[in-house]
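Here is a set of exercises to work through with the model open beside you. Try each task before you read its solution.

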Amino acid sequence: MRILSVAVALVVGVLGGLGTFTLGYGDGLSYLTNDPTACANCHIMQDHFDSWVKSSHRDVAACGDCHLPHDFVGKWITKADNGFFHALAFTTGNFPEPIQIKPRNRRVTQGACLHCHGDLVDPLRPAEHGGDMQLCVHCHSDVGHALRR
Amino acid sequence: MFKKAPENSNRTASGRARAQRGNVLLLGLVFVVAVAATAAVTYVLITMFTHKQDARQPFVRVVEVDEMTTDPEPWGQNWPRQFDGWKSTSGGEFYGGSSAMPESKLEQQPWLKRLYAGYAFSIDYREARGHAYMLYDQGVTERITQKPQAGACLHCHASTTVLYRSVGLEAMGEEVTAEKLSSEFNMPAVIRGFEELSQQPYQDVLAMLYATPDGTPGENEPVFPQAPTGGFTGEYAGQAVPADHLPLGEAHPVTCIDCHDPETMSIRVTRPGFMQGIRDLAEGDGDASHLPSVEQWRAGSRKEPYDPNKLATRQEMRSFTCGQCHVEYYCANKTTLTFPWGEGLTVDDAEQVWNEMEFPDGTEFYDYKHGETGAKAFKAQHPEFELWSQGIHARSGVSCADCHMPYEREGAMKVSDHNVQSPMETLEPGHPCPQRRELRGLPHAL
């Protein structure tokens, strides 16, 4: 019993130490910020970061402004959702190349376009909620990430 | 259960034993979970470390390459993944000998023989093979071995920039030194050299190419076997070339240096034919809506001629490098290599250019006079760049390389597949476009 208790304490201690170190080494806390460089931490997004730096929106919108909902709950749920699945995909290496936005995140970016430009494009939107329409980026594909042409 | 005084000691003992067993179980469970979690965290830490290492050094430059290094082997030491991909264009093995040549289209489709009567394509016309074979197959095709062809053919079948630069410098009255050949690309000299050589006999220019330094003095073992001198119907038809008749040096099919700057590795245009062709396109008024830098140049002052190496976007360059050769052209001995782009990139535009063109001797332009009817005919070569320009992919900003050299991920590294081939070989059936997959499933096509 005593040996087991010591062993458990030891293992939990090792996990705690290793976990804290890994969190620091991976710059884990940066993901809680709005700093766009955090998105390029894991290398995959480097090209997307670079093309954002050259895009027309670089001075007005960072990663999170387009890729996260603008309400508190939605923002943190989206962060947690993407954080977990991105980490899983990159650790296991199981993801397609070039990477592809998921439908859920696509809805987020469309919502972000409308958050700022909603008034401007209001007359273009379908009369009924959920009606058939093109995404803004269908034509404006290079506003967030330049050099696509 | 411990509130009440125990009724008999037996039950107390068994209760205590049970509680202890429960504690042991709980502790054991925590132990197992903590061990598993520690293993998982360690795994994450190790992959993180590996990816950080990958990202730190995308490549190690173990040998120097410069503008003289047409030999791909030193490049292969620095960029082994790309080099392996390039070698894979041979299909894994390089088959020598005439029996291993790909199937003859003339035998499959006998009408072609009649259609091309009077033209070299009626003699020998086979299925094309990968990049690795371009120089070898040109060296053994009976179009070359039975008919005198021009040196301009090598514009697209060999790594010729050093030869062109060297001949160009000489023609411009400059002294040719190793320093001048290796330090800068010197496009004017390359263009001049190409002009000097384009109408000389093919075999002479090939011999000069063998004698041109390739950046690896003393090493003359080519990556792929070289075509026997005189081809398979010429001097040494069907037999091994005698040991005392080996070529003087190495000649290479299109290699690293033909698309990459040896200093920065960025992609570039090196071919005089494309430089002139894209300039003609920019200066004309043909549709170039899929080429933003051309449109931008047209809208500007036009003081300097359009230069793709200075003005094109990276995404355009990923098609331009291919467009140096995969185009419609005239390339025989009556005039220099010409891309017919002055009026635009459609087939009608090309036809108009050819119709209005004259050979330097003032006679009417044509590709060949038909052997039976005597009609002067145009023959389209392989206008892949022009056909791409007409399509939805060009309009949507998808380049040649996006599908023919798709990106692959190796750890934190992103490598484009240098085994250039049909995307049908790499994409699974029904696989969406690698570049613009977000367009999939949308209600309307463009």
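## Two residues with positive phi

**Exercise 1.** Locate Asn186(B) and Met265(B) among the helices of chain B, and decide how buried or exposed each of them is.

Solution, step by step:

- Asn186(B) sits in the loop between helix H10 (178-183) and H11 of chain B; helices (H or I, at least four residues) and strands (E, at least two) are DSSP runs, numbered from the N terminus.
- A note on conventions before going on: residues are numbered from 1 along each chain as its sequence is written, and chains are lettered from A and ligands numbered from 1 in the order in which they are written. The model is predicted, so local features need pLDDT of at least 70 and side-chain atom pairs count only at pLDDT 80 or more, while totals for chains, interfaces and linings use all residues.
- The phi of Asn186(B) is near 60°, a positive value in a residue other than glycine.
- Asn186(B) has 20 other C-beta atoms within 10 Å and is therefore buried. The cut-offs are 20 or more other C-beta atoms within 10 Å for buried, 12 or fewer for exposed, and partly exposed in between, with C-beta atoms placed from the backbone.
- Met265(B) belongs to the loop between helix H12 (202-211) and H13 of chain B. Its phi is positive too, at about 70°, although Met265(B) is not a glycine.
- With 17 other C-beta atoms within 10 Å, Met265(B) is partly exposed.

## A helix pair

**Exercise 2.** Describe how helix H9 (residues 161-171) of chain B packs on helix H11 (residues 187-198) of chain B.

Solution, step by step:

- Two numbers are needed, because two packed helices are described by the angle between their axes and the distance between the axes.
- For this pair the angle is about 90° and the axes are 6 Å apart. Axes are lines fitted to C-alpha atoms, for helices over the stretch in contact, and angles run from 0 to 180 degrees between N-to-C directions.
- H9(B) is therefore roughly perpendicular to H11(B); angles under 35 degrees count as roughly parallel, over 145 as roughly antiparallel, 65 to 115 as roughly perpendicular and the rest as oblique.
- H9(B) contributes residues including Leu163(B), Tyr164(B) and Val167(B), and H11(B) contributes residues including Val190(B), Ile191(B) and Phe194(B). Two residues are in contact if their C-beta atoms, placed from the backbone, lie within 7 Å.
- Sorted by class, this contact has 10 nonpolar, four polar and three charged residues. Here Ala, Val, Leu, Ile, Met, Phe, Trp, Tyr, Cys and Pro count as nonpolar, Asp, Glu, Lys and Arg as charged, and the others, Gly among them, as polar.

## Inside chain B

**Exercise 3.** Find the residues with the most contacts inside the largest nonpolar core, and work out how enclosed helix H16 (residues 314-323) of chain B is.

Solution, step by step:

- The largest nonpolar core has 61 residues, and Leu209(B), Leu281(B), Val294(B) and Cys331(B) have the most contacts inside it. Such a core is a set of buried Ala, Val, Leu, Ile, Met, Phe, Trp, Tyr and Cys residues joined through C-beta atoms within 7 Å.
- At least three residues of this core come from each of domain 2 (72-393) and domain 3 (397-439) of chain B; domain bounds come from an automatic or database domain assignment.
- Setting aside neighbours within four places in sequence, Leu281(B) is in contact with Gly286(B), Ala288(B), Val294(B), Trp341(B) and Leu345(B).
- Turn now to H16(B): nine of its 10 residues are buried, so this helix is largely enclosed by the rest of the structure. Among the buried ones are Met317(B), Arg318(B) and Phe320(B).
- The cover over the buried residues of H16(B) includes helix H13 (272-283), helix H14 (292-299) and helix H20 (400-404) of chain B.

## Chain A and its partner

**Exercise 4.** Which helix of chain A gives the largest share of the side that touches chain B?

Solution, step by step:

- In total, 28 residues of chain A are in contact with 33 residues of chain B.
- Helix H1 (residues 2-25) of chain A supplies the largest share of chain A's side, 12 residues.
- That side divides into 14 nonpolar, nine polar and five charged residues.
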